[in-house]
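Biologist: Would you walk me through this one slowly? I would like to hear the reasoning behind each label.

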Amino acid sequence: MSQSVAVGVFDGLHLGHRDILGAALGRARASGGRCVVVSFDPHPDVVLARAFVAQAPLTPLNEKRERLLALGVDAFDVLPFTREMASLSPEAFVGRYLVERHHLGALVVGENFALGHKRAGDVAYLTRMGERDGFAVEAVPLRILEGAPISSTRIREALSAGRVAEAARLLGRRYSLAGTVVHGEAIGRTLGFPTANLRLHEEKFMPVLGVYAAWSRIDGAAERVPTALSLGTRPTFGGRVLVVEAHLIDWSGELVGRVLEVELADWLREERTFEGPEPLRQAIAADVAETRRRLAAGAVPAEG
């Protein structure tokens, strides 16, 4: 049975990516076949030195897999990207990794997609191949939002500037950090604001350091708890290691060992160094009050 295959890195699984996936899923369902997503790891730009500094992904592989399956994709095939793979001709790549491996019936990509040596396999080239070899090619237009194309780079820029609401509009969901709650140094508890310290499950792109209004989900529950989130190094106490700390507002219970996903709703302020515990305690109290205000004012939980 032929399959509908979407190919790309899909970092972020933003609204533009979801247009591509929607087209691939539509073709698969119409033909009674399966929808397969073929992706690459590591990012081709890193292997080919198009990116001088490797950036952590917006959606690590496990998160990407979970989100794709939740969207209805039948299989997620991650190809180890190497310079040898990059040197393949478009015909060799498509034949080896798409036709033979996935019984290609329809190839769905973004309109600016290209594969193979020196990116020779652009949409026009792939379309001619499909006409010759018996598979359809669909190029999905870029999604334009607020006057510019949606891209992973644009989302990173927004997160790096604390514009998490803008990032959420581009993603179609709030950007989130997920991890297991571990024992911390109990600094927040001694100040009257106990925090859950997260050990992230996978390396993931970090927004600008500071304090955020957020929503937390415990162990995948549907209910979201209002949260004041701190991303920082605890400079008041001489810290140097990045710590993710979440204070769940008006919630009590044991969180150590449980999985917490924190969705960023709004950025409150930058990370600061205080003169001691009491000024820090006052700042945290103000942060919690401002978090309540921001969330009550309309930063409601986002679905998706």
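What follows is a talk about how the labels on this predicted model are reached.

Biologist: Happy to start broadly. What does the chain contain, and what are its spans along the principal axes?

Modeller: The protein chain has 10 helices and 15 strands. Its C-alpha trace spans about 75 × 40 × 40 Å along the principal axes. The accessible surface comes to about 14500 Å², with 53% of that belonging to carbon and sulfur atoms. Of the 304 residues, 49% are buried. Among contacts between residues at least 6 apart in sequence, 71% join residues at least 24 apart.

Biologist: What makes the pairing of Asp 77 and Arg 101 a salt bridge?

Modeller: The rule asks for a side-chain nitrogen of Lys or Arg within 4 Å of a carboxyl oxygen of Asp or Glu. For Asp 77 and Arg 101 the N to O distance is 2.6 Å, so the pair meets the rule. Asp 77 sits in strand 3 (residues 75-80) and Arg 101 in helix 5 (residues 90-102), so this bridge links distant parts of the chain, 24 residues apart.

Biologist: And why are the two partners given separate burial labels, Asp 77 and Arg 101?

Modeller: Buried means under 20% relative accessible area, and partly exposed runs from there up to 50%. Asp 77 has 11%, so it counts as buried. Arg 101 has 43%, so it counts as partly exposed.

Biologist: How do you know that Glu 146 and Arg 154 belong on the list of salt bridges?

Modeller: Their N to O distance is 3.9 Å, and the limit is 4 Å, so the pair is counted. Here the arginine is the buried partner: Arg 154 has 12% relative accessibility, under the 20% limit. Glu 146, at 48%, is partly exposed.

Biologist: What about Glu 166 and Arg 163?

Modeller: Their closest N and O atoms are 2.6 Å apart, a salt bridge again. Glu 166 is buried because its relative accessible area is 15%, under 20%. Arg 163, at 39%, is partly exposed. In general, side chains of opposite charge can pair when their charged atoms come close.

Biologist: How many salt bridges does the rule give, and which residues are linked in a network?

Modeller: The count comes to 22 salt bridges. Glu 63, Arg 67, Lys 204, Arg 217 and Glu 261 are linked in a network of them.

Biologist: Let us turn to Gln 3. Why is Gln 3 called buried?

Modeller: Its relative accessibility is 10%, and anything under 20% is buried, so the label fits. Gln 3 lies in strand 1 (residues 3-7). Leaving aside neighbours within four places in sequence, Gln 3 is in contact with Arg 34, Val 36, His 102, His 103, Leu 104, Gly 105 and Ala 106.

Biologist: What makes the approach of Gln 3 to His 102 a polar contact?

Modeller: The side chain of Gln 3 reaches the backbone oxygen of His 102 at 2.7 Å. The cut-off for such a pair is 3.5 Å, so this one falls within it.

Biologist: Does the same cut-off reasoning carry over to another pair? Which residue does Arg 224 meet in a polar contact?

Modeller: The side chains of Arg 224 and Glu 263 are joined by a polar contact of 3.0 Å. Arg 224 lies in the loop between strand 12 and strand 13, and at 13% relative accessibility Arg 224 counts as buried.

Biologist: How do you know that the span of helix 10 agrees with what is expected?

Modeller: Its 20 residues (277-296), at 1.5 Å a residue, should span 28 Å, and the end C-alpha atoms are 28 Å apart, which agrees.

Biologist: Why do you say that its buried residues line one face?

Modeller: The buried residues are Leu 280, Ala 283, Ile 284, Asp 287, Val 288, Thr 291 and Leu 295. Seen down the axis of helix 10, they fall within an arc of 145°, so they line one face of the helix. They pack against strand 12 (210-218), strand 13 (225-232), strand 14 (243-248) and strand 15 (259-269). Just after helix 10, Gly 298 takes a positive phi of about 140°.

Notes: Residues numbered from 1 in each chain as written. Predicted model: local features only at pLDDT ≥ 70, side-chain atom pairs only at ≥ 80, totals over all residues. Heavy atoms only, no water. Helix = DSSP H or I, 4+ residues; strand = E, 2+ residues; numbered from the N terminus. Buried < 20%, exposed > 50% of the residue type's maximum accessible area, 1.4 Å probe, protein only. Polar contact = N/O pair within 3.5 Å; in protein donor to acceptor, adjacent residues only side chain to side chain. Contact = heavy atoms within 4.5 Å. Expected span 1.5 Å × (residues − 1). Arc of directions from axis to C-beta. Areas by Shrake-Rupley, 256 points an atom, 1.4 Å probe, with all protein chains shown as cover.
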